[in-house]
Amino acid sequence: MQWGWFVQQSPCKVEDLVKHLPVVTMSRQAGSTRILDSWRHTSQVIIPDIIESNSMVTMAGLISAGVAIGYLPHGWLQPLLRNGTLKILHSNTPLTKLQYKFYWRSDDTRPLLAGLREVALEMVDYDTPLLML
């Protein structure tokens with residue numbers, strides 16, 4: 001799944017905007033936070049202000065209000081990109097892709113686990129717009 005940086009204002013480089021706006025991200029426990037950690041390590045950019053949230057809808061709201069920049073799956077924000085509410089930000093360092101995995105013990109052969117895996121694969125959809133605006 002492809003993630004990208006987004007902003008409400010006119011686009012420029014992420015590396016410039018982090019000096020003026022906080023970055024909104026999921027909480028430390030979220031898998032998607034690895035995207036930001038990897039980006040910071042690779043880009044060597046210091047982010048002075050980070051807002052943590054446990055809601056991607058809240059993140060999109062803060063970005064849309066112009067009070068933060070952030071990174072979210074491209075597909076979820078298509079309506080906001082089309083109507084001009086959000087702009088894509090560019091960066092000298094691309095964001096890494098996030099791979100979700102479903103793990104279970106190899107000796108656990110319960111059919112329920114295979115079924116749960118299939119349901120999870122069907123339900124985790126980062127290409128369908130989250131915000132139907």
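The structure holds 5 salt bridges. Keep in mind that this is a predicted model, and let us start with those charged pairs before moving to the interior and the surface.

**Charged pairs**

Three of the salt bridges are set out here, with the closest N to O distance for each.

| Acidic residue | Basic residue | N to O distance |
|---|---|---|
| Asp 37 | Arg 40 | 3.6 Å |
| Asp 107 | Arg 105 | 2.9 Å |
| Asp 108 | Arg 110 | 2.7 Å |

Side chains of opposite charge can pair when their charged atoms come close. Where do Asp 37 and Arg 40 sit relative to one another in helix H2? They are 3 residues apart in that helix, so about one helical turn separates them. Asp 37 is partly exposed, with 26% relative accessibility, and Arg 40 is also partly exposed, at 26%. This pair belongs to a network of salt bridges that links Arg 28, Asp 37 and Arg 40.

Further along the chain, the bridge between Asp 107 and Arg 105 has an exposed residue at each end: Asp 107 has a relative accessible area of 56%, and Arg 105 has 56%.

For the bridge between Arg 110 and Asp 108, is Asp 108 buried or exposed? Asp 108 counts as buried because its relative accessible area, 15%, falls under the 20% cut-off. Its partner Arg 110 is partly exposed, at 47%.

**The nonpolar cores**

In soluble globular proteins, nonpolar side chains tend to be buried together. Here the largest nonpolar core has 16 residues, and those touching the most other members are Trp 5, Val 14, Val 18, Val 23, Leu 36, Trp 39 and Ile 69. Three elements give two or more residues to this core: helix H1 (14-17), helix H2 (33-43) and strand E4 (69-73). Which of the elements gives the largest share? That is H2, with 3 residues.

Val 23 is a good residue to click on if you want to look around inside. Leaving out residues up to four places away in sequence, Val 23 touches Trp 5, Val 18, Leu 36, Ile 47, Asp 49, Ile 50, Ile 51 and Ile 69. A second, separate core has 15 residues, among them Phe 6, Ala 60, Leu 72 and Leu 77.

**Around strand E5**

Leu 89 is placed in strand E5 and is buried, with a relative accessibility of 4%. Its C-alpha atom is 17 Å from that of Thr 42, a residue 47 places away along the chain.

Thr 93 lies in the loop between strand E5 (87-89) and H5. What does Thr 93 touch, leaving aside neighbours within four places in sequence? Its contacts are Glu 15, Trp 39, Thr 42 and Ser 43. Thr 93 counts as buried because its relative accessibility of 12% is under 20%. One of its contacts, Trp 39, was named above among the residues touching the most other members of the largest core.

**A nonpolar patch on the surface**

To finish, turn to the outside of the model. Phe 102, Trp 104, Leu 112 and Leu 116 form a nonpolar surface patch, and together they have about 370 Å² of accessible area. Leu 116 belongs to helix H5 (residues 111-123). Why can Leu 116 count towards a surface patch? Leu 116 is partly exposed, with a relative accessible area of 41%, and patch members need over 30%, so Leu 116 meets that cut-off.

Key: Residues numbered from 1 in each chain as written. Predicted model: local features only at pLDDT ≥ 70, side-chain atom pairs only at ≥ 80, totals over all residues. Heavy atoms only, no water. Patch = residues over 30% accessible without salt bridge, like charges linked within 9 Å, V, L, I, M, F, W, Y side chains within 5 Å. Areas by Shrake-Rupley, 256 points an atom, 1.4 Å probe, with all protein chains shown as cover. Salt bridge = Lys/Arg side-chain N within 4 Å of Asp/Glu carboxyl O. Helix = DSSP H or I, 4+ residues; strand = E, 2+ residues; numbered from the N terminus. Buried < 20%, exposed > 50% of the residue type's maximum accessible area, 1.4 Å probe, protein only. Core = buried A, V, L, I, M, F, W, Y, C linked by side-chain atoms within 4.5 Å. Contact = heavy atoms within 4.5 Å.
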